[in-house]
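Take a moment to turn the model around before reading on. Below is a short walk through it, one piece at a time.

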Amino acid sequence: MTFSEFFSDRLRYIIFQAVFVMISALFLLLTGTQTGIVLLLFLIWLLLFLLIQTMDFLRCRAKLLELASILDGLDKKYLFTECIPKGRTIYERKFTELFRQAGMSMIGAVSDAEAAKREYREYVESFVHEIKTPITAANLICRMTDADTRRKLMQELSQIEAQIERVLFYARAEHPEKDFLISQHSLSELVAQAISQHRTLLIQSNVRVETKDLEQMVFTDSKWTVFMLGQLLQNAARYRSTHPVICISARQLKGQVELTVKDNGIGIPSHELSRVFERGFTGSNGRALGGSTGIGLYLCRKISSLLEINLQINSTEDVGTSLTLTFWTRENLTKM
Amino acid sequence: MLQVKNIEKYYGNKNQVTKALDRVSFDVAAGEFIAIMGASGSGKTTLLNCISTIDTISAGSILLDGVDISGLSDRKLAKFRRERLGFVFQDFNLLDTLTIEENIGLTLSLNHQNPKNVQKQVEKIAHTLGITEILKKFPYQVSGGQKQRAACARAMVAKQSLLLADEPTGALDSKASKNLLEIMTQMNQKMKATILMVTHDAYSASYASRVLFLKDGRLFNELLKGTRPRPTFYHEILDVLAVLGGDISDVI
């Protein structure tokens, strides 16, 4: 608060005081008091008045600065009303009491929303856990049927499993950092895991997978990375052309390793390319093919940014799509 | 008669905010004897302070006798506290300059009762709690156990709805503790007093019909005595405490 702001707030009061003093001075002069005495009285009043106003101003300003610094230091700013001092004057106290009650409703609303979200997530996690049993049972039952039925059923079952896995990761994606375990892994190992998890889909789609130069070590969370690679493989297999080929290669950059997943599928139209990472975006390809949720790449974007992995996409319609994931290697850890 | 719904309490000053209570909810029916247990720092004193209107909550609501106390003004809160709540503290908090009789009668005087009735009511409750002989004595002249019984009398003489006890046996030896807890049980059963006792002593808690456990500001577990004898209940409480953590010294 500047002095002029303070002054303009009190203008009415100051004008009243000044006018009254002027009238009193005039009255005293007219009724015979000596000019010197009136002047003396006036000077005393002026001095005291200026002193009190300055003290008031300094106190108000200090109080506002204190409140501003409290607000500044708070992470959850809606807790402001709980952290401020009660106030000296009765007016301040009644004022802060009203704000406290308003703040109370806010804190309650935030807390209720967080609790509802947490309960829903826990429900989803338990659902995923429970559903794995019948899927495993169905897989086992498959073995007892003839080869043709088995092949078809297992294809469908693996699709169910892929969706379940995605649901789980989506539910966890709010706070994936709670589930992070960063360690050193070999890219070839991670890629192999992803391929193995989706081999049914890849085989059914007649996709040929080529890998090159994957003997690189990176620092990342294996589970989340394998999940991301799986999403990329699923996309490549879905939006494929005839004679589909997926090429997974890696190259070393300064302090980083760049992994590329490239396919020769139907590609993404250039006017949709910048939107593929948006939640729920299915685009024209997703509509044409059907069954697209628009969640896969959204999750990849979310997870990659939390893991400090740079995720880029490039695509040409009818030619193919390539995604690059840039991982960190040891030399950069000290900088982080 | 007491409904605690999703209460939260944040303590904050300049830059540090601590969450003392995290969505605590429970109900207390009239005539129940409840114990709240937890290690130091679990939030049990904060919870008691919030229920007894000494402190305000950050979120949620507390309904006492159907009244939402989180919305009352300071003056109304004081009146509510005076008329409906009784307190028993660990360090007795009797006024040294008044006799036991005057200490007990103080509640009634503060509630603007007719002075003639005050003496009669004091004598009545003193008789129920067995402290008639010490009525004319001063607090420093009587033992800890007698002082605590006087405090109980003071807490119930105005027919308060809820008795709040904060570690009532904390400063008493084992015999006096047993005595006091039996008195409190009597108050609960004969006088139909609703009692909420905060304690970290499993023995005291075993006298309650229901025990709530607090950990890190959250309700961790709840035990009901049911028709079981007290020693069995005591052992069950000890089992929960073993899981809750804290040193053995917290249990004694």
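**Two helices and two chains**

Helix 9 of chain A and helix 12 of chain A run roughly antiparallel to each other, a label for angles over 145 degrees (under 35 is roughly parallel, 65 to 115 roughly perpendicular, and the rest oblique). Their axes come within 10 Å and cross at roughly 150°. Axes here are lines fitted to C-alpha atoms, for helices over the stretch in contact, and angles run from 0 to 180 degrees between N-to-C directions. The crossing of helix 9 of chain A with helix 12 of chain A is left-handed; that means the near helix is turned anticlockwise from the far one by less than a right angle, while clockwise would be right-handed.

Before going further, a word on the ground rules. This is a predicted model, where local features need pLDDT of at least 70 and side-chain atom pairs count only at pLDDT 80 or more, while totals for chains, interfaces and linings use all residues. Residues are numbered from 1 along each chain as its sequence is written, and chains are lettered from A and ligands numbered from 1 in the order in which they are written.

So which residues of helix 9 meet helix 12 in chain A? On the helix 9 side they are Trp224(A), Met228(A), Gln231(A), Gln234(A) and Asn235(A), and they meet Gly296(A), Leu299(A), Cys300(A), Ile303(A) and Ser304(A) of helix 12. Being in contact takes C-beta atoms, placed from the backbone, within 7 Å.

Now stay with helix 12 of chain A, which covers residues 296–306. Its buried residues are Gly296(A), Leu297(A), Leu299(A), Cys300(A), Ile303(A) and Ser304(A). Buried means 20 or more other C-beta atoms within 10 Å of a residue's own, with 12 or fewer for exposed, partly exposed in between, and C-beta atoms placed from the backbone. These buried residues sit on the same side of helix 12 of chain A because they cover an arc of only 155° around the axis, judged by the directions from the helix axis to the C-beta atoms. Their cover includes helix 6 (147–172), helix 9 (222–238), strand 6 (310–316) and strand 7 (320–328) of chain A. Just after helix 12 of chain A, Glu308(A) has a positive phi of about 60°.

Step back to the whole of chain A. It holds twelve helices and seven strands, which are DSSP runs numbered from the N terminus (H or I of at least four residues for helices, E of at least two for strands). Its C-alpha trace spans about 125 × 45 × 40 Å along the principal axes. The radius of gyration of chain A is 35 Å, whereas a compact globule of 336 residues would have one near 20 Å. That radius is taken over C-alpha atoms, and the globule rule is 2.2 Å times the number of residues to the power 0.38. Buried residues make up 19% of chain A.

Chain B has nine helices and ten strands. Its radius of gyration is 18 Å, close to the 18 Å that the rule gives for 252 residues, so chain B is as compact as a globular protein of that length. In chain B, 44% of the residues count as buried.

Finally, the two chains touch. The contact takes twelve residues from chain A and 14 residues from chain B. Helix 5 of chain A gives the most to the chain A side, with six residues.

Terms used
Contact = placed C-beta atoms within 7 Å.
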